[in-house]
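Here is a set of questions and answers on how the labels for a structure are earned. Have the viewer open as you read.

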2 protein chains.
Amino acid sequence: MAFSPLVDELVESLRCLPGVGQKTAQRMAFHLLEKGRSGGERLSGALSQAMTGVRRCETCQNFSDTPVCELCQSEERRTGTVCVVESPSDLLAIEQAGDYRGGYFVLMGHLSPIDGVGPADIGIDRLLKRIKDERVDELILATNPTVEGEATAHYIADRLDDTAILITRLAHGIPVGGELGYVDGFTLTHAFRGRKPLLD
Amino acid sequence: MAFSPLVDELVESLRCLPGVGQKTAQRMAFHLLEKGRSGGERLSGALSQAMTGVRRCETCQNFSDTPVCELCQSEERRTGTVCVVESPSDLLAIEQAGDYRGGYFVLMGHLSPIDGVGPADIGIDRLLKRIKDERVDELILATNPTVEGEATAHYIADRLDDTAILITRLAHGIPVGGELGYVDGFTLTHAFRGRKPLLD
């Protein structure tokens, strides 16, 4: 782009966003310059503050503005239950469901030897230390039902083999509102194996 | 999102980008915080500089860092030809094709009475003044082949009815590499009407 080094730099910088290529970056830059200058300035400020101000919570590893995040500071959440998730968006999904009221531990990834991600990289030692210190009764392993997620869950369970903590995994089954005809075989098998008496 | 006001503000600000909703903004924010802090800081700087530093060129109305853009300052581009386009991305597409070596005028929109966009809003008076001052020989109306683009082209042509300037419109026809079977009827009609002798 010959016409403006500032616009060039803006387009180039926008490409650091995930899923944004040259054309999209260009469209975003032109949109901001044409119709959204105040939005662009707000975004600039928010980015700068977040990039320097957001750290990881010392207790749950989630993003936080303070050394210990609000959720971990809350007395109400110290229920003796810790839910292990792979990412902050998993945590958000659970929070939005609104039923779970315990604590969290965010791995920020999963075990993946092929990418060089070992237990230390996702903070498993920190999790084990916390479980001891906080006297956790139940550990819910809510990693994703993928190969890596399952492997991570099993690894954590193995490391806690010698303790009396109840270790659980989220139920697999038919999604609420789903139709049997569209559910894949693995899920159906899980749903059959996990069947429950109708009248408990 | 309960866990960090800074992350909340970042997610909210990212939504000013076109085509970015809540989920995408969240994904972008987490990506930047997790893996792209330097990219995020670069983007913050680029945004802030572009939002305050980028203005409109006094000659062609395109985005520019200087009062008159580089392209308009270039002696080579004063060929007596001005190409009128709707947006900076149209200009870029023509520049990337690389064949045209004249000047430009960027309307930053098109006439659209229903949206309250009149001739003054897209700088048509400025264009007419420039045509007189610069002694333009040919005006290429390269607005889009849409209802609004055609109307804008015709409006400009009407306003120049009393001058001796050659006014042209880009050719419509079959795209190079296209297959006849997939070309729509309007385009084919245009292609037939605009047919040329094989051996000029």
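**Labels and the values behind them**

Q: What makes E75(B) and R78(B) a salt bridge?
A: Their side chains meet with N and O 3.3 Å apart. A salt bridge is a side-chain nitrogen of Lys or Arg within 4 Å of a carboxyl oxygen of Asp or Glu, so the pair E75(B) and R78(B), at 3.3 Å, is called one. Before we go on: this is a predicted model, in which local features need pLDDT of at least 70 and side-chain atom pairs count only at pLDDT 80 or more, while totals for chains, interfaces and linings use all residues. Residues are numbered from 1 along each chain as its sequence is written, chains are lettered from A and ligands numbered from 1 in the order in which they are written, and side-chain values use heavy atoms, with hydrogens and water left out.

Q: Why is E75(B) called exposed?
A: The relative accessible area of E75(B) is 60%. Buried means under 20% relative accessible area, exposed over 50%, and partly exposed in between (1.4 Å probe, protein chains only). E75(B) is therefore exposed at 60%, and its partner R78(B) is partly exposed because its value is 48%.

Q: How do you know that R130(A) and E134(A) are joined by a salt bridge?
A: The N to O distance between their side chains is 2.9 Å, so the pair meets the salt-bridge rule. Both residues lie in helix α6 (residues 124-134) of chain A, four residues apart, about one turn of the helix. Helices (H or I, at least four residues) and strands (E, at least two) are DSSP runs, numbered from the N terminus.

Q: Buried or partly exposed: which label goes to R130(A), and which to E134(A)?
A: R130(A) has 9% relative accessibility, so it counts as buried. E134(A), with a relative accessible area of 36%, is partly exposed.

Q: What makes E150(A) and R169(A) a link between distant parts of the chain?
A: Their side chains meet in a salt bridge at 3.3 Å, N to O. E150(A) belongs to helix α7 (residues 147-159) of chain A and R169(A) to strand β6 (residues 166-169) of chain A, and the two are 19 residues apart. E150(A) counts as partly exposed at 25% relative accessibility, and R169(A) has that label at 27%.

Q: How many salt bridges does a search of the whole structure find?
A: It finds 13 over all chains. Across the interface of chain B and chain A, the rule finds two. E9(B) forms a salt bridge with R42(A), and their closest N and O atoms are 3.0 Å apart.

Q: Which parts of chain B touch chain A?
A: α1 (5-14), α2 (22-35), α3 (37-53), β2 (63-64) and α5 (88-97) of chain B each supply at least two residues of that side. α3(B) gives the most, with 15 residues.

Q: What area is buried between chain B and chain A?
A: About 5200 Å², of which carbon and sulfur atoms give 70%. Buried area is the accessible area (1.4 Å probe) that two parts lose on being put together, summed over both. The contact, meaning heavy atoms within 4.5 Å, takes 52 residues from chain B and 52 residues from chain A.

Q: Why is T81(A) called buried?
A: T81(A) has 16% relative accessibility, so it falls under the 20% limit. T81(A) sits in strand β3 of chain A. Leaving aside neighbours within four places in sequence, T81(A) is in contact with Y100(A), G102(A), G103(A), E138(A) and I140(A).

Q: Why is T79(A) called partly exposed?
A: Its relative accessible area is 40%, so T79(A) lies between the two limits. T79(A) is in the loop between α4 (70-73) and β3 (81-85) of chain A. Beyond its neighbours within four places in sequence, T79(A) is in contact with R101(A), G102(A) and D137(A).

Q: What is the phi of Q61(A), and why is Q61(A) called buried?
A: Q61(A) has a positive phi of about 70° although it is not a glycine. At 5% relative accessibility Q61(A) is under the 20% limit, so it counts as buried. Q61(A) lies in the loop between β1 (55-56) and β2 (63-64) of chain A.
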